[in-house]
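Trainee: Could we go through this one together, a bit at a time? I'd like to learn how to reason from the model.

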Amino acid sequence: MRRRVTPARRTGAAGAALVLCSAGVLLGVAVTPAQAAEVSFATHCVPPAGIDPVDGTTKVEITAPATAKVGDTVDIVWKFVQAASKNPDIIDLPANSVQPSGVLKAAGAQAADIAMQGPRENPAIPKGGDMVLSDMKGTLKLTTAGEVTLTPDAYTVNAMSTDTKCAPKETVQKAATIQVTPGSGGTSSSSPTQSATPTKSATPTGGTDFKGKEVQVPYACKTPIGDKNATSPVQINARKNGGDYDLTVQFKKSVMNSPADIPKDSVKPSMEVVLGGADKGTVHVEGPTNAQPIKSGDPIEIPDLTGTYKPGASGTSTLAPGVLTIKALGTTTTCTPEKSLVSLTLDTAQQPGGASGGTSTSGGSSSTGGAGSNGAGGLAETGSGDHGALKALGLVAGTAILLGAAVFTFMPKRRTR
C-alpha cells in the first residue's frame, strides 16, 4: 500500500534538509582552513666553548592558516619532528628540563622575524635518546595583502642551564604560505617591540601608577663558559612621587633551577634602565640579595629591582630594560640587550639635577658593572625560558652543565700535595 505524504511531512523533511545544508554552509564559512607542511634542513649546532659543534638534520612542521585578512593576528605552531642531535651518552635529562626557542622567517608580501618559543616540557630523556622538544608557538600581525611565506630559521635549545644554538647550513624551503586578502577585520595585538601606553590609576596617597608593557628582551651575556644569548620577559612600572618616579622592574613568570647549593646573601642583581625620547641617560635599579640559601635544583628568582627616576627633561620620555648585572659568589656577569625595547612611556617634567644627558641613580649604591662593563668571569646568565633568571652557576665542583646538543661536566683539578 502506497503511503501518503502529507504537506506537513514534506515541510518537515525539507526543513530538516535546509537546516543541515545551512549548518554545512555555516561550518564552511566559520572555519578557516589550516595548513601543515614538513621541511627538513641540514643544521649546525654550537654548544658553549669547549664542546665540539654538532651537525645533523632538523625536521619541523609549520602550521598556519591558509587564508587571512589584513589586520588579522594569526597563530603559528612550529613542531619538531626531529631535532638535529640526540642526547649524548653522558647524563640523563630529567623531565621538563628542556626548552626550545627560535625564529620563523616571514617573506613575500610582508617580511618579519617571528619569535617562536615552546614551554619547558619534555619527558625524561635517557643517555643517547632522541631529543624531545616541545612545540613552539608565535603570532604574526598581517599588514599587507598578498602571499606571505613562512620558513624555519635558527633555533636555540636550552637544557637545564645552558644554550645550544642551531642554524641552517643550507637554504631552507618554505614550510607554509598564507594568502592575505585586503580588509581590516580580525584580531589585533600589540607587537612586543611596540611602546606601551601607560595606564593610570589614582592611589589613596594621591600619586599615580604607570604600568608598563611586558617586553621580550634578547640579552647577550658574558659567562665563564663563553658568550650566551637569552631572552627574558621584563616589565617596568612606575609610581609618581612628587616630580620623581619610583621605578619597579619585574622579571616575569617562573625561574631557572640552580645547579648547585648557593648560600644566602650571595646573589645580587641590578640593572641600568635606559631613557629615551625627551630624556637621556640611565637609571640604576637593584634588588636585594637572596634571603635564604638556594639548594641545588631549586628555582633561582630575580626579585623586583627598584630605584628612583628624576626626569631631566620635559616631554615624552621612554624607559627600556638595559644592562643587567648579576653578582654571585664574588664574581660578576653582565648581560647586554641586543636591541632596545621600550616598556614604559611617561609624560615628564624636568626636575633639578635630573637625568637628561647623564645618569640618574637610585637612592642606594651607584651602578657597578653597568653599560660598557664586560663582566668578565661571571657565574650567571639570564634565562631564555619562561623567565629571565639566573642560570648556570658553572664553576662549582662537580656541577654538570647540560645542553640540548651536548653535555659536559666541569671538574676542578685536585690540589697537588
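Mentor: Sure, and keep in mind that this is a predicted model. Let's begin with T58, which lies in strand β2, residues 54-65.

Trainee: Is T58 buried or exposed?

Mentor: Residues under 20% relative accessible area count as buried. T58 comes in at 0% relative accessibility, so T58 is buried.

Trainee: Which residues is T58 in contact with, leaving aside its neighbours within four places in sequence?

Mentor: Let's start with V39, which is 19 residues from T58 in sequence, with 8.3 Å between the two C-alpha atoms. Even so, V39 is on the contact list of T58. The full list is V39, S40, F41, T43, F80, Q82, A84 and Y155.

Trainee: Which side chains make a polar contact with the side chain of T58?

Mentor: Two names from that contact list come back here. The side chain of T43 joins that of T58 in a polar contact of 2.7 Å. There is also a polar contact of 2.7 Å from the T58 side chain to the side chain of Y155. So you have T43 and Y155.

Trainee: Now the cysteines. How many disulfides does a search of the whole structure find?

Mentor: A disulfide is a covalent bond between the sulfur atoms of two cysteines. One pair here is C45 and C166, with sulfur atoms 2.2 Å apart. Another disulfide joins C221 to C335, also listed at 2.2 Å from S to S. The search of the whole structure gives two.

Trainee: How many residues apart in sequence are the parts that C45 and C166 tie together?

Mentor: The bond of C45 and C166 is right-handed, with 110° about S-S. C45 lies in strand β1 (residues 34-46) and C166 in strand β9 (residues 162-168), so the pair ties together parts that are apart in sequence by 121 residues.

Trainee: And why is the disulfide of C221 and C335 called right-handed?

Mentor: You need the torsion about its S-S bond. The disulfide is right-handed because that torsion is about 115°.

Trainee: Which strands hold C221 and C335?

Mentor: This pair ties together parts 114 residues apart in sequence, because its cysteines lie in two strands. C221 is in β13 (residues 215-223), and C335 is in β23 (residues 331-337).

Trainee: Last one: is C335 buried or exposed?

Mentor: Its partner C221 has 1% relative accessibility and counts as buried. C335 has 0%, so C335 is also buried.

Methods:
Residues are numbered from 1 along each chain as its sequence is written. This is a predicted model: local features need pLDDT of at least 70, side-chain atom pairs count only at pLDDT 80 or more; totals for chains, interfaces and linings use all residues. Side-chain values use heavy atoms; hydrogens and water are left out. A disulfide is a pair of cysteine sulfur atoms within 2.5 Å. Helices (H or I, at least four residues) and strands (E, at least two) are DSSP runs, numbered from the N terminus. Buried means under 20% relative accessible area, exposed over 50%, partly exposed in between (1.4 Å probe, protein chains only). Contact means heavy atoms within 4.5 Å. A polar contact is a pair of N or O atoms within 3.5 Å; within protein, one must be able to donate a hydrogen and the other to accept it, and residues adjacent in sequence count only if both atoms are side-chain atoms.
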